[in-house]
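Open the structure in your viewer and keep the selection tool ready. Each stop below names what to select and then says what is there.

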Amino acid sequence: MNPDIHNIVILTGAGISAESGLATFRGPDGLWEGHRVEDVCTPEALARDEALVHRFYDERRAKLAEVQPNAAHQALAALDAQWPGDLLIVTQNVDDLHERAGATRLIHMHGELKSALCAACGKAVPWAAALPPGTPCDGCRKPALRPDIVFFGEMPYEMDRIDAAVRDADLFVSIGTSGAVYPAAGFVQTARHVGARTLELNLDPSAGSIYFHETRLGPASALVPDLVRELLA
Ligand code: APR
């Protein structure tokens, strides 16, 4: 790998957790009780059928107890621990597999299953169990706790920090994401604009494959450890 690489930004999506046993959103098994994810994960859906939205995330939160980080999460955690330059892992995933593998330089731009957010006062609290509709916030006491998930139409977390890191990047790597959802799908274009090398690791070519200098196709559990070995060599 090019010795001029100091600053790395890595974007991950559902594909990196697929081999741990978590379904992707847009694959053949990507429907939930016949709902498209876009129909469940919206502020309108929460207002229309709060119980359905909570049940969707309760099931996904419970599933986390049955799965483990795979070789791709572990390789990124090793890179995080050993890379001497700037590094930021930006995940669209709401699972906790990156941090369970040991990654620390990590942003959950779409929120976290293991967090609940008060829709009234904005306070976030760690949450491991099911989250019944109407659960009161321990700050403002209003019965307004909802999953701490960035729904379609809401602003992802920490966009300023992410944008600054992408603009400083020498290498931008996208792993296991279909490139269907903005703003994450647009990071590659910003990275290219500022002169970063852009690399995609995915099972299939993504919607944004043309923007990458290089695409490597295959399972994340094989491609990511190979890349980390290259980077740390
Ligand atoms: N290794 C690498 N890539 C894989 C693997 C694997 N083992 N399995 C699947 N993939 C790839 C698929 O080819 C697909 O391109 O992962 C991608 C998963 O795409 P999506 O299901 O669309 O997931 P993602 O891109 O993370 O979705 C983005 O959409 O619903 C919202 O907020 C949700 O964060 C999510 C966002």
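Select Ala14, Ser17, Leu22, Ala23, Phe25, Arg60, Asn93, Val94 and Asp95: in this predicted model, these residues line the largest cavity. The space inside the largest cavity is about 80 Å³. A count of cavities of 30 Å³ or more gives 1. By class, the lining of the largest cavity has 5 nonpolar, 2 polar and 2 charged residues.

Next, colour the two domains. Domain 1 covers 1-22 + 68-110 + 155-233, and domain 2 covers 23-66 + 114-149. Their centres, taken over C-alpha atoms, are 25 Å apart. In the contact, domain 1 takes part with 15 residues and domain 2 with 12 residues. Where does the largest cavity lie with respect to domain 1 and domain 2? It lies between them, because both domains give residues to its lining.

Keep the domain colours and turn to the largest pocket. It holds about 810 Å³ of space. Its lining has 42 residues, and the closest to the centre of the pocket are Ala14, Phe25, Arg26, Thr177 and Ser178, so select these five. Ala14 and Phe25 also belong to the lining of the largest cavity. Show α1 (15-18), α4 (50-63) and β8 (197-202) as well: each supplies at least two residues of the pocket lining. That lining divides into 23 nonpolar, 14 polar and 5 charged residues. The largest pocket, too, lies between domain 1 and domain 2, because its lining takes residues from both.

Now select Gly13, in the loop between β1 (8-12) and α1. Is Gly13 buried or exposed? Its relative accessible area is 2%, which means that Gly13 is buried, the cut-off being under 20%. Add Gln92 to the selection: Gly13 and Gln92 are 79 residues apart along the chain, yet 5.2 Å separates their C-alpha atoms. Beyond its neighbours within four places in sequence, Gly13 has contacts with Gln92, Asn93, Ile175, Gly176 and Thr177. Of these, Thr177 was among the residues closest to the centre of the largest pocket, and Asn93 lines the largest cavity.

Move on to strand β2, and select Thr91 there. Thr91 is buried, because its relative accessibility is 0%. With residues up to four places away in sequence set aside, Thr91 touches Thr12, His98, Leu106, Ile107, His108, Met109 and His110.

The next stop is the largest nonpolar core. Nonpolar side chains tend to be buried together in soluble globular proteins. Here the largest such core has 25 residues, and Ile8, Ile10, Leu76, Val173, Ile175, Leu201 and Val224 have the most contacts inside it. To see where the core comes from, show β1, α5 (71-82), β2 (87-91), β7 (171-175), β8 and α9 (220-232), which each give two or more residues to it. Which element gives the largest share of this core? It is α9, with 6 residues.

Centre the view on Leu76. Apart from neighbours within four places in sequence, Leu76 is in contact with Ile10, Thr12, Ile16, Ile89, His98, Ile175, Val224 and Val228. Finally, select Leu11, Val90, Ile162 and Phe212: they are among the 18 residues of a second, separate core.

Conventions:
Residues are numbered from 1 along each chain as its sequence is written. This is a predicted model: local features need pLDDT of at least 70, side-chain atom pairs count only at pLDDT 80 or more; totals for chains, interfaces and linings use all residues. Side-chain values use heavy atoms; hydrogens and water are left out. On a 1 Å grid over the protein atoms alone, a cavity is a set of points where a 1.4 Å probe fits but cannot get out, and a pocket is an open set with protein on both sides within 12 Å along at least five of seven lines; lining residues have an atom within 4 Å of a point. Grid points are joined across faces, edges and corners, and a volume is the space filled by probe spheres set on the points. Helices (H or I, at least four residues) and strands (E, at least two) are DSSP runs, numbered from the N terminus. Ala, Val, Leu, Ile, Met, Phe, Trp, Tyr, Cys and Pro count as nonpolar, Asp, Glu, Lys and Arg as charged, and the others, Gly among them, as polar. Domain bounds come from an automatic or database domain assignment. Buried means under 20% relative accessible area, exposed over 50%, partly exposed in between (1.4 Å probe, protein chains only). Contact means heavy atoms within 4.5 Å. A nonpolar core is a set of buried Ala, Val, Leu, Ile, Met, Phe, Trp, Tyr and Cys residues joined through side-chain atoms within 4.5 Å.
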